[in-house]
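The following explanation leads the reader through selected strands, turns and surface positions of one protein chain. Please keep the sequence and the coordinates at hand while reading.

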Amino acid sequence: MAIRQLSETLINQIAAGEVIERPASAAKELIENALDAGATRIEIATSGGGKALLRVSDNGSGMNAADLELAVRRHCTSKISETLEDIRTLGFRGEALPSIGSVARLSIASRRRDSAGGHEIAVAGGKIAHLRPAAANPGTIVEVRDLFFATPARLKFLKTEKAEAGAITEIVKRMAIAFPAVRFVLSGSDRTTLEFPATGDDHLGRMAQVLGKEFRDNAIALDAVREEISLTGFAGVPTFNRGNSAHQYAFVNGRPVQDKLILSAIRGAYAETIPSGRHPVAVLSITLDPALVDVNVHPAKSDVRFRDPGLVRGLIVGAIREVLARDGSRAATTGASDMLRSFRPGFQPHAQRPQTAWSAETSPSRPYQPTTGFGERPQASFDGLSMPTARAEPQFSPQPAAPEPNARYPLGAARAQIHANYIVAQTEDGLVIVDQHAAHERLVFEAMRKALHSKRLASQVLLIPEIIDIPEEDCDRLMQHAAELSELGLAMERFGPGAIAVRETPAMLGEVDAHGLIRQLADEIAEWDTASGLSAKLEYVAATMACHGSVRSGRRLRPEEMNALLREMEVTPGSGQCNHGRPTYIELKLSDIERLFGRS
């Protein structure tokens, strides 16, 4: 079969298959062109999810007649000259407009600020119409109609109008975060109008517009530099998380990307602080020499390739972990809001209630019967513990620091223990409810993790070894890593073909459920065992052991034990969430309590 040259229209349609995957892809390319033109106001209008209509208007520098004629031709661009080593614009290939014009009906009207009038050019299915004068404001208006009418097979692969409209919304949000000084307006017959007013240099203000006002109260600023790479942005506290990763935004030299390396680094930075199935909220901006990153590795320019990916990953993980250790222990403000919402139905006497048979046990008019936790006699032991004198005792802190007179503590002083699991503490301006098991689990884990990098953990010898029957293959896995587990204070040996004898357990765990611990460790090792052993997984093992050795739910604590736990939480990194990412405490301000009773 003879080789022949493809037509220009077919070449453009092939390129469109890579660059213009869906209406959102076309919107991304057009918005990038507007930003590269220096626009400060960009308006996007859609219809039919962008399939019927996509119009992008801007007040950028505009184009003259000669520029318009070249703009719709393949590989014509004003953004690069001879090399790809120094790309400082969002677009650079010169493929977007001719690709769109080959599969849709495209029209471009533009006028430069120094021109008396504008011009318009149209392309339909790859056929370019003659340039003609047009009335236009300074800037450019690009209108795309009937997307993929020239390649109808592509229409079958598009999703519903609502889904396609949502994808365009996501593109606009990412661009809005990257360029806070630009005003974005997204409107159309298939959506409600979405507007992001310009915030200038207030990047956090723009993020609050996109991610919600709660992000401002639950975000920690990032500012780190390693070698020639800088990282700025904001990371959400671990307890402020979402059900998917759609709230993670990454930018490289101002370019929105969805790079796998960056997303993986975010997951690694939040390891052991986010519950399984939940995802952190973060906005990261990486700035580096354009020569150190290749942005020409993906047709849609959504992925990039770093010259030193290990350096970038290390910078992200290290910077996020550092700020989380410093400021990430606080509980998310959304926790108090959720608790307030759960209270409100009980304070609506006129609300409709299900029609059920009357019961003395459930009637709102039943006589009040105080529970043990709030009775006068059990509370008498707390009378001598005012907030300024709450002390840390050796029960949880080996060397507690003596508090200064009239000291104020962030987590306050313990006032009660509810259902043998929750500690209620009074702070200077509200109250705190602490999950005692989750909190102590985190404290033990941090102590074990710290000891991992110094010396072998102290262990306690069992008077009678614990004999645990488990499958032979689990015994084999455990004994392969017996030396590494011994560094954590867990000493064991083989006891027949299908049993393990535990002779020592970590001293800091106190009384341990050895049977449950060994079985869980065996399951975890079976899941992620590698030839390199447990050296890279010791922190996961420490987290498992901490869970088995923490203060259990249902244990009654003395007042001094509760206060000691609170003091330890105040000085321990990451104490705002347990090893599984659940919050360890919820703070309720006095103003919130007063609002519940209608006092404010």
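The model is predicted, and the account begins with a pairing of strands. Strand β22, which spans residues 459–469, pairs with β24 in the antiparallel sense over seven bridges. Within this pairing, E466 stands opposite V502 of β24. Strand β24 itself covers residues 499–506 and is mostly covered, with six of its eight residues buried.

Strand β24 also pairs with β23, which comprises residues 491–494; this pairing is likewise antiparallel and runs over four bridges. Here E504 in β24 is the bridge partner of A491. The two strands β23 and β24 form a hairpin, and four residues lie between them. In the turn of that hairpin, G496 has a positive phi of about 90 degrees.

Attention now passes to strand β13. This strand occupies residues 248–252, and five of its five residues are buried, so β13 is largely enclosed by the rest of the structure. In a regular strand, side chains alternate between the two faces of the sheet. In β13, Q248, A250 and V252 point one way, while Y249 and F251 point the other way, and all of them are buried.

Which strands pair with β13, and in what sense? Strand β16, residues 282–287, pairs with β13 in the parallel sense over five bridges. In this parallel pairing, Q248 stands opposite A282 of β16. Strand β14, residues 255–257, runs antiparallel to β13 and is joined to β13 by three bridges. Across that antiparallel pairing, F251 stands opposite P256 of β14. Strands β13 and β14 form a hairpin with two residues between them. N253, in the turn of this hairpin, has a positive phi of about 55 degrees.

Positive phi values also appear in the loop that links β19 and β20. H419 is placed in this loop, between β19 (413–418) and β20 (422–427), and A420 lies in the loop between β19 and β20 as well. The phi of H419 is near 55 degrees, a positive value in a residue other than glycine. For A420, phi is near 50 degrees, again a positive value in a residue other than glycine. Are these loop residues buried or exposed? H419 has a relative accessible area of 72% and is therefore exposed, whereas A420, with a relative accessible area of 9%, is buried.

A helical position comes next. Helix α7 spans residues 203–211 and contains A208. Because its relative accessible area is 14%, A208 counts as buried, the cut-off for buried residues being under 20%. The C-alpha atom of A208 is separated by 9.4 Å from that of I177, and these two residues are 31 residues apart along the chain.

The last region to consider is a charged part of the surface. Which residues form the negative surface patch? The patch is made up of E227, E228, D289 and D308. One of these, E228, is found in the loop between β10 (219–226) and β11 (229–236). E228 is classed as exposed because its relative accessible area is 57%, and the exposed class requires a value over 50%.

How values were computed
Residues are numbered from 1 along each chain as its sequence is written. This is a predicted model: local features need pLDDT of at least 70, side-chain atom pairs count only at pLDDT 80 or more; totals for chains, interfaces and linings use all residues. Side-chain values use heavy atoms; hydrogens and water are left out. Patches are made of residues with over 30% relative accessible area and no salt bridge: like charges are joined within 9 Å, nonpolar side chains (Val, Leu, Ile, Met, Phe, Trp, Tyr) within 5 Å. Accessible areas come from the Shrake-Rupley method with a 1.4 Å probe; for residues, only the protein chains shown count as cover. A salt bridge is a side-chain nitrogen of Lys or Arg within 4 Å of a carboxyl oxygen of Asp or Glu. Lys and Arg count as positive and Asp and Glu as negative; His and the chain ends are not counted. The place of a charge is taken as NZ of Lys, CZ of Arg, CG of Asp or CD of Glu. Buried means under 20% relative accessible area, exposed over 50%, partly exposed in between (1.4 Å probe, protein chains only). Two strands pair if DSSP finds at least two bridges between them.
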